[in-house]
Amino acid sequence: MSKKPLILGIETSCDETAASIITENEDGTPIILSSIISSQVEVHKKFGGVVPELAARSHIEKIDWIVQKAIKDSGRTIKEIDAVASTAGPGLIVCLSVGLSFGKAFAASLDKPFIAVNHLEGHALSPKINSTLNYPYLVLLISGGHSQFLNVQGLGKYKRLGTTIDDALGEAFDKTAKLLGIEFPGGPQIEIMAKKGDPNKYNLPKPIFHKGGCNLSFAGLKTAILKITKNIKTDQEKFDLAASFQKTVEEILYKKTKIAFRNFEKQNKTDKKIFVVAGGVASNKKIRSMLINLCKEESYQSIFPPIDLCSDNAAMIAMVGLEKFKKKQFNNLDHPAKPRWQLDENAAFLKGAGVQL
Ligand code: KG4
Ligand code: ZN
């Protein structure tokens, strides 16, 4: 039996400090030996969002014991580690620098290769952990930091089909929640409140609904909600607004996912059509069931990985490390942190004023 690679993954791009050890089975399926995630929700709650300096400080305080715990829980020893993979971007530069520097120093001290990982590549490949999923597949990533449709054709072969041109979907949920007086991160509460409200009470905008392909935009929704909340008095009105927001998001995702399906089919000649939904917002039950129904209508297989694998974690970073290790794709120790690192380097930068769709 040949020795299977043992990879340490480190993730500190935003507000989760995470480390993981993974390897693979005899049949080549990647398996997690340990995955430690420390969330900073309590640190940022009173500020209503992630504060970069506080996040970086918290990463510095925890990274050492989180990596040690990941190694201990894996049942393996430091000496058995074959390579160290750290997230190098995109993300908050002060946060990225913590995990990146730690990973480089760790690799150098072990005299083992270092691998710089794109966080989005981690999300894109995470459905392959513990499974035998084959390329190509379509990923919708809907989290607090990203909203993208990605055509995943192989290791290093990603085509971004669409992205948000302003806020991420999770951010839109959290901002709506904040306007309704709910603590950060309020996204999950919106789903609960929406159940008690009338989804047709408020007519909210659907930015770039009729243009921009499967690109997304949510900032206009937030502005409309801000105006409405100024005149809201009762709890029932709050429930109605939450329900109207939830319904509007579902309508946007339904239409944009259909467009993404057509684009995916144009780029891949495959009979097996697979749609993976990842990111924290994928745990929204109504969005989930709407997308499952859409997949049935469109003969797509739908995959919703377990939430601890599709929200931020280090196993997905180690997973990319494992694939790159097998292809000897290593990085030098002067690899920079890249706060705006696009996965598909040919994709246009689509954020800010003056974006042409
Ligand atoms: O992927 P994730 O766990 O972490 C990062 O973005 O880093 O996503 C978190 C986001 C938050 O914005 C949160 O409010 C949102 O996912 N979220 C939800 C639900 N659960 C989490 N949004 C809507 N409905 C939910 N049930
Ligand atoms: Zn993420």
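A polar contact here is a pair of N or O atoms within 3.5 Å. Keep that cut-off in mind as you click through this predicted model.

**Stop 1: the ligand**

Select ligand 1 together with aspartate 312. An N or O atom in the side chain of aspartate 312 sits 2.9 Å from an oxygen atom of the ligand. Taken alone, ligand 1 exposes 550 Å², and the protein buries 86% of that.

Now add glycine 144 to the selection. Here a polar atom of the backbone is 2.6 Å from an oxygen atom of ligand 1. Glutamate 191 comes next: a polar atom of its side chain is 2.8 Å from a nitrogen atom of the ligand.

Then show the whole shell, which has 17 residues around ligand 1. The ones that come nearest are Gly144, Asp174, Glu191, Ser311 and Asp312. Colour the shell by residue type and you should find three nonpolar, 10 polar and four charged residues.

Which helices should you highlight around the ligand? Pick α5 (169–179) and α6 (187–194), as each supplies at least two residues of the shell. If you colour by domain instead, domain 1 (7–128 + 309–326) and domain 2 (134–304) each give the shell at least three residues.

**Stop 2: the loops on either side of α6**

Start with the loop between α5 and α6, where you will find glutamate 183. Is glutamate 183 buried or exposed? Glutamate 183 is exposed, with a relative accessible area of 52%. For a ruler exercise, join its C-alpha atom to that of leucine 350: the two are 30 Å apart in space and 167 residues apart along the chain.

Move on to the loop between α6 and α7 (219–229) and select asparagine 215. Asparagine 215 is buried, at 11% relative accessible area. A polar atom of the asparagine 215 side chain lies 2.9 Å from the backbone nitrogen of threonine 163.

While you are in the loop between α6 and α7, click on isoleucine 208. Isoleucine 208 is not a glycine, yet its phi is positive, at about 45 degrees. Isoleucine 208 is buried, with a relative accessible area of 12%.

**Stop 3: another positive phi**

Aspartate 111 is in the loop between α3 and β5 (114–118). Its phi is near 60 degrees, a positive value in a residue other than glycine. Aspartate 111 is exposed, with 69% relative accessible area.

**Stop 4: cis peptide bonds**

Show the backbone at glycine 89 and proline 90. The peptide bond from glycine 89 to proline 90 is cis, with omega near -10 degrees. You will find proline 90 in the loop between β4 (83–89) and α3 (93–110).

Next, go to tyrosine 135 and proline 136, which are also joined by a cis peptide bond, with omega about -5 degrees. Proline 136 belongs to the loop between α4 (119–125) and β6 (137–142).

**Stop 5: the cysteines**

Finish by selecting the cysteines. How many disulfides does the structure hold? The count is zero. Take cysteine 295: its sulfur is too far for a bond, because the closest cysteine sulfur, in cysteine 214, is 14 Å away. Cysteine 310 is in no disulfide either, and the nearest cysteine sulfur, that of cysteine 295, is 15 Å from it.

Switch on a surface before you leave. Cysteine 295 is buried, with a relative accessible area of 1%, and cysteine 310 is buried too, at 0%.

Key. Residues are numbered from 1 along each chain as its sequence is written. Chains are lettered from A and ligands numbered from 1 in the order in which they are written. This is a predicted model: local features need pLDDT of at least 70, side-chain atom pairs count only at pLDDT 80 or more; totals for chains, interfaces and linings use all residues. Side-chain values use heavy atoms; hydrogens and water are left out. A disulfide is a pair of cysteine sulfur atoms within 2.5 Å. Buried means under 20% relative accessible area, exposed over 50%, partly exposed in between (1.4 Å probe, protein chains only). A residue is near a molecule or strand if one of its heavy atoms lies within 4 Å of it. A polar contact is a pair of N or O atoms within 3.5 Å; within protein, one must be able to donate a hydrogen and the other to accept it, and residues adjacent in sequence count only if both atoms are side-chain atoms. Accessible areas come from the Shrake-Rupley method with a 1.4 Å probe; for residues, only the protein chains shown count as cover. Helices (H or I, at least four residues) and strands (E, at least two) are DSSP runs, numbered from the N terminus. Ala, Val, Leu, Ile, Met, Phe, Trp, Tyr, Cys and Pro count as nonpolar, Asp, Glu, Lys and Arg as charged, and the others, Gly among them, as polar. Domain bounds come from an automatic or database domain assignment.
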